Amino acid sequence: LGPFLMSEKLGGLSAINLSNSHLTDEALRGLTDAVRAGSLVNFCLLNFCSNWDVSKEAWGELVQAIVGREEGLPELVSLDLSDTTAISAGGVIAAALGSGKLPSLTDLYPRLFCIDAEGVEGLGGAIRAARFSPLVGNIHFCLDVIEEANSNVDGLITAIAESEKGLPACVRSL
């Protein structure tokens, strides 16, 4: 998938719908390479819904590749990760949303993401960065840290209290 997207033979393609396409970690990593190479910089729609075979870690790598690009994905309007394990990668999703690298994003699915202790730190960092897209709709984060022995949400609370803007308007529940 990655080499195809990086082939420069796609003309004006600006949307990919890979819903229910049985993506694997390997295929998504190819797409991640394409993001790193800048091949998706003009894309406005990425639909990955109903791809349960991709791991949380692979979704995290894709999102980190977006954040790692200087310009991110500035044209991306719609990102659909519903019915995937990305729901468990809430920390990196939050970091991406707060990075300023998705300025045009209006449609993000699902609207609920779970974050573990590591994800709490990612959300706190995103709140401190205060560069959430003003266009993205309501997002909910489920703090999945109750059962972790060393979980601590103090840093998140401190980030909210100390940030200039506080909790972004798009975050509707924690």
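Me: Which way do the side chains point along strand β5?
Reply: They alternate along β5, which covers residues 112-115. Phe113 and Ile115 point to one face and are buried; Leu112 and Cys114 point to the other face and are not buried. Buried means under 20% relative accessible area, exposed means over 50%, and partly exposed is in between, with a 1.4 Å probe and protein chains only. Strands here are DSSP runs of E with at least two residues, helices are runs of H or I with at least four, and both are numbered from the N terminus.

Me: Where do these numbers come from?
Reply: This is a predicted model, where local features need pLDDT of at least 70, side-chain atom pairs count only at pLDDT 80 or more, and totals for chains, interfaces and linings use all residues. Residues are numbered from 1 along each chain as its sequence is written, and side-chain values use heavy atoms, with hydrogens and water left out.

Me: Back to β5. How many bridges join β5 to β6?
Reply: Four bridges join them, and the two strands run parallel. Strand β6 is residues 139-143. Strands pair if DSSP finds at least two bridges between them.

Me: What stands opposite Ile115?
Reply: Leu143 in β6 does. Ile115 is one of the buried residues of β5.

Me: What unit do β5, α5 and β6 make?
Reply: Together with helix α5 (residues 117-129), the two strands make a right-handed β-α-β unit. Right-handed means that, with the strands pointing away from the viewer, the path from the first strand over the helix to the second runs clockwise.

Me: Any residue in α5 to look at? Arg128, say: how far is it from Leu18?
Reply: Arg128 lies in α5. Its C-alpha is 33 Å in space from that of Leu18, and the two residues are 110 apart in sequence. Arg128 counts as partly exposed because its relative accessibility is 47%.

Me: What about Gly30 and Leu1?
Reply: They are 29 residues apart in sequence, yet 5.5 Å apart in space, C-alpha to C-alpha. Gly30 is in helix α2, residues 25-36. At 13% relative accessibility, Gly30 counts as buried.

Me: Zooming out, how many helices and strands does the protein have?
Reply: Six helices and seven strands. Along the sequence the pattern reads α-β-α-β-α-β-α-β-β-α-β-α-β. Of the 174 residues, 43% count as buried.

Me: What is the radius of gyration?
Reply: The protein has 16 Å, which agrees with the value near 16 Å for a compact globule of 174 residues. The radius is taken over C-alpha atoms, and the globule rule is 2.2 Å times the number of residues to the power 0.38. The C-alpha atoms fill a box of roughly 50 × 30 × 20 Å along the principal axes.

Me: New topic, pockets. What volume does the largest pocket have?
Reply: About 330 Å³. The search uses a 1 Å grid over the protein atoms alone: a pocket is an open set of points with protein on both sides within 12 Å along at least five of seven lines, a cavity is a set where a 1.4 Å probe fits but cannot get out, and lining residues have an atom within 4 Å of a point. Points are joined across faces, edges and corners, and a volume is the space filled by probe spheres set on them.

Me: How many residues line the largest pocket?
Reply: There are 19, and Lys56, Gln64, Gly91, Val92 and Glu118 lie nearest its centre. The elements giving two or more residues to this lining are α3 (56-68), α4 (90-97), β5 and α5. The largest share, seven residues, comes from α3.

Me: How do those residues divide by class?
Reply: Seven are nonpolar, seven polar and five charged. Ala, Val, Leu, Ile, Met, Phe, Trp, Tyr, Cys and Pro count as nonpolar, Asp, Glu, Lys and Arg as charged, and the others, Gly among them, as polar.

Me: And what lines the largest cavity?
Reply: Val63, Leu79, Ile93, Ala96, Leu97, Leu102, Leu105 and Leu108. By class that is eight nonpolar, no polar and no charged residues. About 50 Å³ of space lies in this cavity, and α4 gives the most to its lining, with three residues.

Me: Last topic, the backbone. Which residues does a cis peptide bond join?
Reply: Tyr109 and Pro110, with omega about 0 degrees. Pro110 is in the loop between β4 (107-109) and β5. Most peptide bonds are trans, and most residues other than glycine have a negative phi.

Me: What phi does Ser50 have?
Reply: A positive one, about 60 degrees, although Ser50 is not a glycine. Ser50 sits in the loop between β2 (45-47) and α3. Asp83, also not a glycine, has a positive phi of about 55 degrees, and is in the loop between β3 (78-80) and α4.
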